[in-house]
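Please open the model in the viewer and display it as a cartoon, with side chains available on demand. The tour below proceeds selection by selection.

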Amino acid sequence: MLSSTSSPFVLSFVLLLSLPLTFFILAPHILPPKTLPAIPTADEIDDLALFRRATLSSSDLSLPPKNRPKIAFLFLTNSPLTFSPLWDRFFSGHDSLYNVYVHTDPTKPFAPPGGAFTAARFISGNKRTQRASPTLISAARRLLAAALIDDPSNTYFALLSQHCIPIHSFRFVYRSLFGSNPNRRLRYKSFIEILSGEPGLHDRYVARGDDVMMPEVPFSSFRVGSQFFVLTRQHALLVVREKRLWKKFRFPCLKSNEDSCYPEEHYFPTLLSMRDPNGCTHYTLTRVNWTDSVGGHPHTYGPDEVSADLVRRLRVSNSTYSYLFARKFSAESLEPLMAIADSVIFRD
């Protein structure tokens with residue numbers, strides 16, 4: 001038996017040994033879980049002011065634009081616009097029918113290209129973007145807001161990346177979106193992929209925590225889709241006005257769920273599916289090859305793969321519309337793409 005004098009020492013020793021075990025068991029319930037970086041409060045405040053301006057400038061959507069409708073091309077980039085010479089060729093001769101807006105990451109080197117991008121509006125301030133974070137949603141919303149404010153004739157808003165290329169002529173793209181008579185007052189639809197029942201969808205839904213999205217976004221309403229879309233002015237305005245769902249999607253994902261965190265692929269499809277599903281086609285106009293993706297990135301086409309046959313295959317779609325854009329292409333692909341620009345890409 002233990003003596004009365006040794007008992008306090010033994011008890012203290014046992015308690016000391018139990019502390020690490022107790023902490024290990026209780027820590028997950030005491031300490032907040034580790035999350036990916038959140039959006040800085042200053043960025044949120046600036047964005048709210050920008051979105052308010054966009055809302056006021058587009059208060060009456062019933063009025064038709066005074067000029068022919070335009071396409072706003074929104075480039076979301078964190079690296080140089082390698083394919084700007086190809087886009088220059090695409091835009092050439094159509095100055096009155098488009099506008100270009102570019103969102104850059106201030107932490108990455110960027111040299112503004114010339115040509116059609118000379119007149120582009122560059123947007124970012126000091127707001128950086130980061131993969132697996134809602135900053136990509138914020139950047140897309142800034143682009144939409146800037147284009148809404150800039151020109152009331154902007155009727156379609158095409159979100160693209162620095163790795164996107166056109167696979168048809170501008171004339172073909174314009175007629176595909178507006179038809180043969182763009183001055184007719186039609187209710188255009190948004191081209192955005194909206195999918196449900198995809199593998200891994202539940203993991204994506206709980207990327208911020210099991211119940212974080214409730215009650216605003218029940219799992220039955222959660223959708224996934226391509227990051228790149230072509231929205232109508234009505235839907236662009238809906239996106240920059242929206243606050244209720246954004247309260248949920250702005251939360252950063254848990255560090256432990258980083259592999260399931262793709263907010264930009266969820267917010268826009270979920271929002272438009274909940275608000276106006278009949279006003280969307282539910283498919284995208286940007287072709288992406290996911291057959292051999294690596295680390296969440298799609299197949300990247302190299303220069304040896306560029307050919308007339310590739311361009312024709314990239315155009316083929318299961319919908320009534322041809323694909324109009326494609327990604328992802330390596331920087332080394334520019335030269336062979338330029339070589340077939342006039343004879344293949346822009347020869348519809």
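A residue is called buried here when its relative accessible area is under 20%. The model is a predicted one.

Begin by selecting helix H3, residues 84-91. Its buried residues are Ser84, Leu86, Trp87, Phe90 and Phe91. Looking down the axis of H3, one finds these buried residues within an arc of 155 degrees, so they line one face of the helix. In general, an α-helix has 3.6 residues a turn, so residues three or four places apart point the same way. Select next Gly93, just after H3, where phi is positive at about 85 degrees.

Now add strands S1 and S2 to the selection; together with H3 they make a right-handed β-α-β unit. S1 (residues 70-76) pairs with S2 in the parallel sense over six bridges, and Ala72 has Asn99 of S2 as its bridge partner.

Remain on S2, residues 98-103, where six of six residues are buried. Which residues cover each side of S2? Tyr98, Val100 and Val102 lie on one side, and Asn99, Tyr101 and His103 on the other. Strand S3 (residues 121-123) runs parallel to S2 and is joined to it by three bridges; His103 stands opposite Ile123.

Finally, turn to the largest pocket, with a volume of about 940 Å³. Of its 41 lining residues, select Gln227, Phe228, Glu265, Trp290 and Arg327, the closest to its centre. Helix H6 (201-205) and strand S9 (286-288) each give two or more residues to the lining, and S9 supplies the largest share, three residues. By class, the lining has 13 nonpolar, 18 polar and 10 charged residues.

Definitions and conventions
Residues numbered from 1 in each chain as written. Predicted model: local features only at pLDDT ≥ 70, side-chain atom pairs only at ≥ 80, totals over all residues. Heavy atoms only, no water. Buried < 20%, exposed > 50% of the residue type's maximum accessible area, 1.4 Å probe, protein only. Helix = DSSP H or I, 4+ residues; strand = E, 2+ residues; numbered from the N terminus. Arc of directions from axis to C-beta. 1 Å grid on protein atoms, 1.4 Å probe; cavity = no way out; pocket = protein on both sides within 12 Å on 5 of 7 lines; lining within 4 Å. Points joined across faces, edges and corners; volume = space filled by probe spheres on them. Nonpolar A, V, L, I, M, F, W, Y, C, P; charged D, E, K, R; others polar. Pairing = 2+ DSSP bridges. Right-handed = clockwise from strand over helix to strand, strands pointing away.
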